[in-house]
Amino acid sequence: MSILQLKPTILVETPLGTGQAIFIIDYGMHQNTCWVVALQKDGVIKHFDCNDVILSTNYTYGMNLRKNHFPAQEPSKEPV
């Protein structure tokens with residue numbers, strides 16, 4: 001098992017909303033990576049499977065320009 005502290009943190013989308021990924025926990029080759037995320041709306045810390053994390057849109061680096069999100073979330077209202 002290894003734990004990586006993200007410096008700087010990464011802005012991500014989760015099934016519970018937007019948050020800052022602060023740690024990644026790798027349990028080994030037989031288990032998915034766990035992302036530790038501080039949720040933006042209330043600061044609650046949650047653990048997410050790697051399949052439940054999407055990098056937030058970042059225009060500077062050209063990341064997630066399609067604005068992918070989870071179905072439960074409302075799409076971003078930002079202008080394109």
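# A guided tour of a five-stranded sheet

Start with the whole chain in view: five strands make an open sheet, in the order 4-3-2-1-5, and their pairing is antiparallel. At the edges sit strand 4 (45–49) and strand 5 (54–55), each of which pairs on one side only. Keep in mind as you look around that this is a predicted model.

**Stop 1: the whole chain**

Colour by secondary structure. The chain has zero helices and five strands, so read from the N terminus the elements run β-β-β-β-β. Now switch on the surface. The accessible surface of the chain is about 5,800 Å², and carbon and sulfur atoms own 57% of that area. Of the 80 residues, 28% count as buried. Among contacts with a separation of 6 or more, 26% are between residues 24 or more positions apart.

**Stop 2: strands 1 and 2**

Select residues 2–14, which are strand 1, and then residues 17–26, which are strand 2. The two run antiparallel and are joined by nine bridges. Between them is a hairpin connection of two residues. Beside that turn, pick threonine 14 and look across to glycine 17 in strand 2, which stands opposite.

While strand 2 is selected, click threonine 18, which belongs to this strand. Is threonine 18 buried, partly exposed or exposed? Its relative accessible area is 22%, so it counts as partly exposed. For a link across the chain, draw a distance from the C-alpha atom of threonine 18 to that of isoleucine 54: these residues are 36 apart along the chain, and the separation is 9.4 Å.

**Stop 3: along strand 1**

Go back to strand 1 and select leucine 4, which lies in it. Leaving aside residues up to four places away in sequence, leucine 4 touches Ile22, Phe23 and Ile24. The C-alpha atoms of leucine 4 and tryptophan 35 are 9.7 Å apart, with their positions 31 residues apart along the chain.

Move on to leucine 6. With the sequence neighbours up to four places away again left out, leucine 6 touches Ala21, Ile22, Phe23, Ile24 and Trp35.

Next, show the backbone at lysine 7 and proline 8. What kind of peptide bond joins lysine 7 and proline 8? The bond is cis, with omega at about 0°. Proline 8 lies in strand 1.

**Stop 4: strand 5**

Follow strand 1 to its other partner. Strand 1 and strand 5 pair in the antiparallel sense over two bridges. Select valine 12 to find leucine 55 of strand 5 standing opposite.

**Stop 5: strands 3 and 4**

Cross to the other side of the sheet and select residues 34–39, which are strand 3. Strand 3 and strand 4 run antiparallel and are joined by five bridges. Alanine 38 faces a partner here: isoleucine 45 in strand 4 stands opposite. The hairpin of these two strands has five residues between them, and in it glycine 43 takes a positive phi near 75°.

**Stop 6: the nonpolar core**

Show side chains for Leu6, Val12, Ala21, Ile24, Trp35, Val37, Leu39, Phe48 and Val53: these nine residues are the largest nonpolar core. Which strand gives the most to this core? Strand 3 does, with three residues. Strand 1, strand 2 and strand 3 each supply at least two of the core residues. You have already met Leu6 and Val12, which are among the members.

**Stop 7: a patch on the surface**

Turn the surface back on and select Met1, Ile3 and Tyr27. Together they form a nonpolar patch on the surface, with about 370 Å² of accessible area. Tyrosine 27 is in the loop between strand 2 and strand 3. At 39% relative accessibility, tyrosine 27 counts as partly exposed.

**Last stop: asparagine 64**

Finish in the segment after strand 5, where asparagine 64 lies. Asparagine 64 has a positive phi of about 50°, although it is not a glycine. Is asparagine 64 buried or exposed? Asparagine 64 is buried, because its relative accessible area of 15% falls under the 20% cut-off.

Terms used
Residues numbered from 1 in each chain as written. Predicted model: local features only at pLDDT ≥ 70, side-chain atom pairs only at ≥ 80, totals over all residues. Heavy atoms only, no water. Patch = residues over 30% accessible without salt bridge, like charges linked within 9 Å, V, L, I, M, F, W, Y side chains within 5 Å. Areas by Shrake-Rupley, 256 points an atom, 1.4 Å probe, with all protein chains shown as cover. Salt bridge = Lys/Arg side-chain N within 4 Å of Asp/Glu carboxyl O. Helix = DSSP H or I, 4+ residues; strand = E, 2+ residues; numbered from the N terminus. Buried < 20%, exposed > 50% of the residue type's maximum accessible area, 1.4 Å probe, protein only. Pairing = 2+ DSSP bridges. Core = buried A, V, L, I, M, F, W, Y, C linked by side-chain atoms within 4.5 Å. Contact = heavy atoms within 4.5 Å.
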